[in-house]
Amino acid sequence: MKLKVLGASGSKLPGFGLTSFLLDKNILIDTGAAASMLGFDEQLRLDAVLLSHIHIDHSLGLLLMADNLVGSLNKSIQIMSIPEVLDGLREHLFNNQVWPDFTSIPNGKDAIFKLKPMAEGKPVRMGKYTIRAIRVSHSVPTVGFIISDGKSSLLYTADTRATEKIWKEAKKIRGLKGVLIETSFPNRLHGLADLSGHLTPHALLQEINKSGLKVPFYVFHIKAMFVEEVQKEIARLKNSQIRLAMEGATYNF
Ligand SMILES: [Zn+2]
Ligand SMILES: [Zn+2]
């Protein structure tokens, strides 16, 4: 599987893209930078979006892409997540106030977006992939995803503070090739990180040790204001499993 990093940042400043990854050509994992990084033709090619939670830095691309695609898209794009996330999306974003309800435009049958509820932990098929949503620990209902093509698997933590369930699941995955893991704040802001449901480099190392996994961990979601400080703290960990998810890069798993 080919994964392109469209945005790996946890906040927006010039030169930093909000969290979004493109799997092959047609599946998005979160959408922060998607509308600014994918051309119109690339947006038309999308079949599905795995949405971890409704925070704007992950959902923004849905709103902006819907506006681009209406009138041109001749299929529906599936938004996949647990029911709480999908309910929140309709209630708080596609509520005809913040933004039009693109889950019923132009009509319910041919809407730009169709909501596809996932039962937590249950595999759902999308193209050649089997995808599972596993709840993590953030400030709002949030899931990470385990994505497998039968040979290789990839784990995406989404936004989380210290968490348990996804690491238990990870131990059972066959062919796990890599983990995309968030780290947002420097160590000195650990109180803020925990309050807002995020990791620091110190907490990142604890999660890696807890997981017992020996695969590469690609860090994303560093807050742009603290990027140098967090990168220095990560370098000081001297852990050869840790890499930075680089915006614009494509990784093969
Ligand atoms: Zn976020
Ligand atoms: Zn968040």
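User: A helix here is a DSSP run of H or I with at least four residues, and a strand is an E run of at least two. How many helices and strands does the protein have?
Analyst: This is a predicted model. Elements are numbered from the N terminus. By that count the secondary structure of the protein comes to eight helices and 14 strands.

User: What radius of gyration does the protein have, and what does the globule rule give for 253 residues?
Analyst: Start with the span: the C-alpha trace covers about 55 × 40 × 30 Å along its principal axes. The two radii are close, so the protein is as compact as a globular protein of that length. The radius of gyration is 17 Å, and the rule gives 18 Å.

User: What percentage of the 253 residues is buried?
Analyst: A residue is buried if 20 or more other C-beta atoms lie within 10 Å of its own. Buried residues make up this share of the protein: 45%.

User: Which strands stand at the edges of the sheet that holds β1 to β6 and β14?
Analyst: Seven strands form this open sheet, in the order β6-β5-β4-β3-β2-β1-β14, and the pairing is mixed. An edge strand has a single partner, so one of its sides is left without a neighbour in the sheet. From one strand to the next, the twist averages 25°. The edge strands are β6 (113–117) and β14 (250–252).

User: In β6, which residue is the bridge partner of I77?
Analyst: I77 opens the residue range of β5, given as 77–81. β5 and β6 pair in the parallel sense over five bridges. In β6, the bridge partner of I77 is F113.

User: Which helices pack on this sheet and touch β5 and β6?
Analyst: One of them, α3, also touches β2, β3 and β4, and its direction makes about 115° with that of β3. The other covers residues 83–93, and its direction makes about 125° with that of β5. The helices are α3 and α4.

User: How many of the residues of β3 are buried?
Analyst: β3 (27–31) has a partner on each side. With β2 it pairs in the antiparallel sense over four bridges. With β4 it pairs in the parallel sense over three bridges. β3 is mostly covered, and the number of buried residues is five of its five.

User: Which residue in the turn between β2 and β3 has a positive phi?
Analyst: β2 and β3 form a hairpin with three residues between them. Across the hairpin, the bridge partner of F21 is I29. In the turn, a positive phi of about 50° belongs to D24.

User: Which residues touch the most other members of the largest nonpolar core?
Analyst: This core has 73 residues. Its largest share, five residues, comes from helix α3 (56–69). The residues that touch the most other members are V49, L50, I79, F145 and V219.

User: Which residue stands opposite V49 in β4?
Analyst: Leaving aside neighbours within four places in sequence, V49 is in contact with six residues, named here as L28, T31, L62, I77, I79 and M80. β4 pairs with β3 in the parallel sense. The residue that stands opposite V49 is L28.

User: Which are the edge strands of the sheet that runs from β7 to β13?
Analyst: This open sheet has seven strands in the order β7-β8-β9-β10-β11-β12-β13, with mixed pairing. Its neighbouring strands are turned by 25° against each other on average, direction ignored. Three bridges join β12 to β13, and the two run parallel. Each edge strand pairs on one side only, and the two are β7 (124–126) and β13.

User: Why do the buried residues of α8 line one face of the helix, and within what arc do they fall?
Analyst: In α8 (227–236), V230, E233 and I234 are buried. On the other side, E228, K232, A235 and R236 are exposed. The buried residues pack against α7, β12 and β13. They line one face because, seen down the axis, they fall within an arc of 100°.

User: Is S137 exposed, partly exposed or buried?
Analyst: S137 is found in the loop between β8 and β9. Its contacts beyond four places in sequence are T160, R161, A162, T163 and G197. Exposed needs 12 or fewer C-beta atoms within 10 Å, and buried needs 20 or more. S137 has 16, so it is partly exposed.

How values were computed:
Residues are numbered from 1 along each chain as its sequence is written. Chains are lettered from A and ligands numbered from 1 in the order in which they are written. This is a predicted model: local features need pLDDT of at least 70, side-chain atom pairs count only at pLDDT 80 or more; totals for chains, interfaces and linings use all residues. Two residues are in contact if their C-beta atoms, placed from the backbone, lie within 7 Å. The arc is that of the directions from the helix axis to the C-beta atoms. A nonpolar core is a set of buried Ala, Val, Leu, Ile, Met, Phe, Trp, Tyr and Cys residues joined through C-beta atoms within 7 Å. Two strands pair if DSSP finds at least two bridges between them. Axes are lines fitted to C-alpha atoms, for helices over the stretch in contact, and angles run from 0 to 180 degrees between N-to-C directions. The radius of gyration is taken over C-alpha atoms; the globule rule is 2.2 Å times the number of residues to the power 0.38.
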